[in-house]
Structure formats: C-alpha cells, structure tokens
Amino acid sequence: MKKLSTLLLVAGLAIAGCKKSEPAGAGSASGAASASASASGAASASAQPLEPQLHTKEAPPQDGADFLKVSADNSDPTKPSVDVVFASWKVVAASFDPANLEGGTAEIEVDPASLSTGIPKRDNHLKNPDYLDVTVFPKATVKVANVKKTGDKSYTADATMNLHGIEKTWSLPFEVVTSTADSVQVKFSQPFSRLDFKIGKPEAEDSSKEQVTLHGLLTIKKT
C-alpha cells in the first residue's frame, strides 16, 4: 500500500508538472486573442456605413402580405426606380358578396405621412408642401363602386382617388387573389400622372418621371 501511494503521488506530481510547463496565461492569452479578433471584426463592421434599404418596383411582395405603394421611375435613367410604400391604410367601409363582387362598394383611407422609401431624408422631402403636403392633406381616400366582372377572377371598378386635395376617377382593373366568407384579397396596378394631383414638378425639373404606378395587394373585409 505504501508503494502504491508513492506511485500515485509521483504520477500526480508528474501531471501537475506537465500543466505547469504550459506557458502561463496561454489559455487566457488565446481567449484574449480570439476576443480581440472578434472585437476587431465588429469594429470593422460597424465602421462600414449602413446602406439604406431601397424599395424598388422589381421587389415582389413577401409571403402574400398586403401592401400599398407607388412606383416611380427616376428621371435619370442611370438611377434606380423607387417605391413609395404606405404602411398605414384601412378599410373604412365595404359592402359586397365575396362570391360575387359585382355591385360591391368599398372605401379605403390612406395615411400619406406613413410613406417610406427606405431613406428618411427623401421621406421627409416627399411629405413637404412641394409633394404630398401631409400636414395640410393628412389623408387620401379611394372609393370603389360600379364593380363589374370581366373574367374568372378579374374585375373592373370605378375607383375615385382623392389625393392632395384633388379627386380623379379611374376605371381600375383588379384580380381576386383569395377570398373568405367575409373578405377578399385583391391585387391591382394603376398608372397615373402625379401632375394630375399637382404633386411635384414637371419631369424636366423633378427627379421623378411624371408617370407613376399605384400597386396594391389588399385584404378588404366587409364592414
């Protein structure tokens, strides 16, 4: 037993000696180096300016989610087109049969101040009196009437847009994407001239072309 104890003691000292032979602080130095590398990488990443998210008309809607936006081509063909996305809108009235939309009506209210292009400076510019003047005109409305069926899931309607204090009526084609017992999801695209609503300046003096397009994928529920 004494010999066995002696052997165990020697083995323990040998193992301890091996551990002590590792340079002092090697583990912590390695960790510090790793932490330093991570910190350096983070610093390098944070040093890069963040590119604003630019909505373009080529970007498809994600996961079938509702959206409402106006696509505008730049007057300079070398620059990308821009989507003005409206985050806040609501159905204030809707009367229709989802199984047969003919004769149905709806009214949608939009908050122009909820617009976003991905660049705050440009957003503020679009809200000022030269463009949407959201302080004087805090809402836009679209009234839908005279719905007529033109195909299996396609329709037209008289859509009266009140924007920037001006009212215009379009013959708006749209398509039913999905429907439930009390709602429909519809999609549409409608080109128009922003000058019809006195928004911005003529193309020769503005960064945006006069012709823009309203796009939407909206769920309309009966009220």
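User: How do the residues of the lining of the largest pocket divide into nonpolar, polar and charged?

Analyst: In this predicted model, the lining divides into 36 nonpolar, eight polar and five charged residues. Val70, Val84, Phe86, Phe192 and Leu214 are the closest to the pocket centre among the 49 lining residues, and because Val, Phe and Leu count as nonpolar, these five belong to the nonpolar group.

User: What makes this space a pocket, and which strand gives the largest share of its lining?

Analyst: A pocket is an open set of grid points, whereas in a cavity the probe fits but cannot get out, so the space of about 970 Å³ called the largest pocket is an open one. Strand β4 (residues 100-110) supplies the largest share of the lining, with six residues.

User: Why are β6 and β7 called paired?

Analyst: Pairing requires at least two bridges between two strands; seven bridges join β6 (residues 140-149) to β7 (residues 154-163), and therefore the two count as paired, in an antiparallel arrangement. Val142 stands opposite Met161 in β7, and the two strands form a hairpin with four residues between them.

User: How do you know that β7 also pairs with β8?

Analyst: The same threshold of at least two bridges applies, and ten bridges join β7 to β8 (residues 166-179), so this antiparallel pair qualifies as well. Tyr155 has Phe174 in β8 as its bridge partner, while the hairpin formed by β7 and β8 has two residues between the strands, and His164 in the turn has a positive phi of about 60°.

Note on methods:
Residues numbered from 1 in each chain as written. Predicted model: local features only at pLDDT ≥ 70, side-chain atom pairs only at ≥ 80, totals over all residues. Heavy atoms only, no water. 1 Å grid on protein atoms, 1.4 Å probe; cavity = no way out; pocket = protein on both sides within 12 Å on 5 of 7 lines; lining within 4 Å. Points joined across faces, edges and corners; volume = space filled by probe spheres on them.
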